[in-house]
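Please open the structure in your viewer and keep the selection panel at hand. The tour below proceeds by selections, each followed by what is to be found there.

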Amino acid sequence: MNLSEYDDLRDVFDRAMTDLSVPTARLCEGATRTGRRLRWRRRALVGAGGLAAAAAVGAFLVPLVGGSGDTARDPGMATEPPADPSGRPSAASSAEPPTEPFVARPGYWDMPAQEMRDRAAGLLPEGVTISSYERKNTEHAPGESDEMVGDLRATLSGPSGPGSLEVGLIQSPDVEPIFTIPADPSALDGVDLTSTDFSCNPANFWVKPTVCETLTDAQGQPYGVIIELTDAGVTTRTVKLIANEGVVRASVANSVERKWTPPTSAAEPPLTLDQLQAVATSATWTDWTPPAK
Amino acid sequence: MQDSEFAAFVAARSGQLYRSAYLLTTSPHSAEDLVQAALAKAYVAWPRVRAADDPVAYVHGVLINAFLSERRRLSSGEVPLAVTPDTPTAEADPTERLALMAALRELAPLDRAVVVLRFWEDRSVADTARDLRLTEAAVKNRCLRALRQLRGLLTDTTLPGSI
C-alpha cells in the first residue's frame, strides 16, 4: 500500500460522509432509555452513603449479608480533544485501560461463567433448562478482558417457552475503610435509603413496577429487593440481595433479545418470582472461592 | 450519573460515532442501532467512561466491539434481513456515498472494520491490531485485501478520483 492509496480512500470517506444527517436527538433519547434499562438490570448498587449504610447494616444483622455500595470515585470529566470539524474521529492512540473506580478483590464475584452455568442448572425447577449461555464477553470495553466472570447470561427453555436468565455477582467496592460495619445499627438511624437501588423509589425505574418489595431485616433495614415490571410486553423479574461483601442479582425475562426488548419469546418469563428468589438466595453463589494463584 | 452530562457528550460526539457506525454497517438504520447500543453501554458505565483518558476513544472501542460481536452473532446462526439500501435524502449528492456503501458491504465485516479504523479513524496498524485483537501482519494483509477489493468495486462506478 502506498501513500496515494491511503489519501485517496480517506478522501472518498470524507466526501461520502460530508453532510450526512446525524439523528443526534434520537440517538441520545434511545441510548438514555436503553442505558437506564441496562443500568437497572446490571448495576448492583448506587448512591454511596445511604447504600453503604444499608449494606453495612445488612452485613451486621444478617448472616448471609455483608457488602456495600458503589462508590465510583468522581474524578471529574476528562478533557476531551476538540472535535474535528469534518466529523472524523480523533486518532484513538490513547485507549489505555480505564481508571478502575474501585480496587478489585478476589471473591465469589470472580466465578467463571461456566461454573455459574453449572451451578444455576442445579437450581432451576423441573422442566426448565439452560439451552445456551454466553461464554465470552464480546462487548468488552478497551482494556477489559473478554473473560466472562461473575456474570451469567443464559437462555432458558421451559414449559412457557424460551426466555432469558442473568445472574450477576458483584463485588462491593472498598469495604474498608468507607464501609465500616457499625457496632450499633442505630448509628444509621435517619440515613436516607430511598435513593438506593434496593428501594422501590419510582425514580429508580423507567416504568412503574407491577411488583416491588424491599426485603428488610428484623430492624427494618433493607438488604434486598424483589421487582417485576413490564415494558412493551416484556416482563422482567429481578431479585437482588446483599451477600458477603457483594451483591447477588438474578433476573429473568420473556425475551431472548440481547437487551430484553420486544419481541417477546413467551407469555411469561421462565421463572416465577418465587423460583427466581430461590435461585438468588442460594448459598451456591457465595460459597465459591477463587483458586489460589 | 447526570443525564445532562451524558446528553452533552452525545451531542458533541454522536456525529463521529454515527459516521463510523455508518461506514461499519453501511446502513443508516443499523448505524443508529449500533451507536445507540454503544452509547447505552457508555451510559451504564458513565463514571468509568468519563474517567477514561480519552472518553471518545473508549466509546469508539465499545462501538467496534459491539459491531464485531453482532456480526459474529448473526454469522453463527441468525439470518439477517436483507440490507436496506441507503435511500437518497435531501443532502448533498448521495451517489458517492451509495457507491461506497455498496462496495463496503462486499467486504467481510472484519476487513471492513480494519479499513474503517485505518482510513476513517486514522489509527495506526498497531492500534488497529490491538483494538481488533489481530496481529499487525493480519491487519496489513486484511487491509491490502480490502483495498484491492474496494479498488475493483469502485472503479466500476463514476466516482470522482480513484483509490
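Select A:Arg153 and A:Asp151, both of which are buried, the term meaning under 20% relative accessible area, with exposed meaning over 50% and partly exposed in between (1.4 Å probe, protein chains only). The two form a salt bridge whose closest N and O atoms are 2.9 Å apart, a salt bridge being a side-chain nitrogen of Lys or Arg within 4 Å of a carboxyl oxygen of Asp or Glu. This is a predicted model, in which local features need pLDDT of at least 70 and side-chain atom pairs count only at pLDDT 80 or more, while totals for chains, interfaces and linings use all residues. Residues are numbered from 1 along each chain as its sequence is written, chains are lettered from A and ligands numbered from 1 in the order in which they are written, and side-chain values use heavy atoms, with hydrogens and water left out.

Keep A:Arg153 selected and add A:Glu134, with which A:Arg153 forms a salt bridge at 4.0 Å between the closest N and O atoms. This pair links distant parts of the chain, 19 residues apart, since A:Arg153 belongs to strand 2 (residues 151–157) of chain A and A:Glu134 to the loop between strand 1 (129–133) and strand 2 of chain A; helices (H or I, at least four residues) and strands (E, at least two) are DSSP runs, numbered from the N terminus. The relative accessible area of A:Arg153 is 15%, which makes A:Arg153 buried, whereas A:Glu134, at 23%, is partly exposed.

Next, select A:Arg237 and A:Glu268, a salt bridge with its closest N and O atoms 2.5 Å apart. Because A:Arg237 lies in strand 6 of chain A and A:Glu268 in the loop between strand 7 and helix 5 of chain A, the pair ties together parts that are 31 residues apart in sequence. A:Arg237 is buried at 9% relative accessibility, and A:Glu268 is partly exposed at 38%. Over all chains, the count of salt bridges comes to 17.

From A:Arg237, move to A:Ser251 in strand 7 (residues 246–253) of chain A, which is buried at 1% relative accessibility. Beyond its neighbours within four places in sequence, A:Ser251 has contacts (heavy atoms within 4.5 Å) that include A:Arg237, A:Thr238, A:Trp260 and A:Leu276. The side chain of A:Ser251 also makes polar contacts with the side chains of A:Thr238, at 2.7 Å, and of A:Arg249, at 3.4 Å; a polar contact is a pair of N or O atoms within 3.5 Å, where within protein one must be able to donate a hydrogen and the other to accept it, and residues adjacent in sequence count only if both atoms are side-chain atoms.

Finally, turn to the aromatic pairs, of which a search of the whole structure finds six over all chains. Rings of Phe, Tyr and Trp (its six-membered ring) pair if their centres lie within 6.5 Å, and planes under 30 degrees apart count as stacked, over 60 as edge-to-face and the rest as tilted. Select A:Tyr108 and A:Trp109, whose ring centres are 5.0 Å apart and whose planes stand at 55 degrees, so the pair is tilted. In chain B, the rings of B:Phe6 and B:Tyr43 have centres 5.0 Å apart and planes at 85 degrees, and the pair is therefore edge-to-face. Add B:Phe9 and B:Trp46 to display the cluster into which ring pairs link these residues with B:Phe6 and B:Tyr43.
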